[in-house]
Amino acid sequence: MNHVFDGALNPRVERFDLPGIGALNFMLYESLGGGQSASLRLDPLAKGMAQQLLEFPVPIPASLL
């Protein structure tokens, strides 16, 4: 997801665990080029970023299969 930080002065990613549902939430600071309402990106709500993450392969250890 490095490409979403073009021009960012202080880019960072923070991960939050969501207990009870086995999920993670990622906050990509400075990834929308000015914020939701000021963004020049075609995807100001980052729904396309979520779809890109769903395309990443996730290795699963044989012990879990």
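**Group meeting: a β-β-α chain**

I would like to begin with one side-chain arrangement, in which the charged end of Arg12 sits over the ring of Tyr29, at 3.7 Å from its centre. Before going further, I should say that what you have on the screen is a predicted model, and everything that follows should be heard with that in mind.

Let me step back to the overall layout. The protein chain contains one helix and two strands, and if you read along the sequence you meet them in the pattern β-β-α. Of the 65 residues in the protein chain, 11% count as buried, and the chain exposes about 5,500 Å², of which carbon and sulfur atoms supply 61%. As for contacts, if we consider those in the protein chain with a separation of 6 or more, 27% of them are accounted for by residues 24 or more positions apart.

Now to the surface. Val13, Leu24, Phe26, Leu53 and Phe56 form a nonpolar patch there, and together these residues have about 460 Å² of accessible area. Let me single out Leu24, which lies in strand β2, residues 23-29. Leu24 has a relative accessible area of 44%, and it is classed as partly exposed because that value falls between the limits of 20% for buried and 50% for exposed.

Turning to charges, how many salt bridges does the structure hold? There is one salt bridge in the structure, and in it the side chains of Asp17 and Arg15 meet at 3.8 Å, taken from N to O. Both Asp17 and Arg15 are exposed. In general terms, side chains of opposite charge can pair when their charged atoms come close.

For aromatic rings, the report is brief, since the structure holds zero aromatic pairs; the arrangement of Arg12 and Tyr29 that I opened with is one of a charged end over a ring.

Finally, a word on Asn10, which is found in the segment before β1, the strand that covers 12-18. Asn10 has a relative accessible area of 47% and is therefore partly exposed, lying under the 50% that would have to be passed for exposed. Asn10 and Ser31 are 21 residues apart in sequence, while in space they are 10.0 Å apart, C-alpha to C-alpha.

Methods:
Residues numbered from 1 in each chain as written. Predicted model: local features only at pLDDT ≥ 70, side-chain atom pairs only at ≥ 80, totals over all residues. Heavy atoms only, no water. Phe/Tyr/Trp six-rings, centres within 6.5 Å; stacked < 30°, edge-to-face > 60°. Lys NZ or Arg CZ within 6 Å of the ring centre and 35° of its normal. Patch = residues over 30% accessible without salt bridge, like charges linked within 9 Å, V, L, I, M, F, W, Y side chains within 5 Å. Areas by Shrake-Rupley, 256 points an atom, 1.4 Å probe, with all protein chains shown as cover. Salt bridge = Lys/Arg side-chain N within 4 Å of Asp/Glu carboxyl O. Helix = DSSP H or I, 4+ residues; strand = E, 2+ residues; numbered from the N terminus. Buried < 20%, exposed > 50% of the residue type's maximum accessible area, 1.4 Å probe, protein only. Contact = heavy atoms within 4.5 Å.
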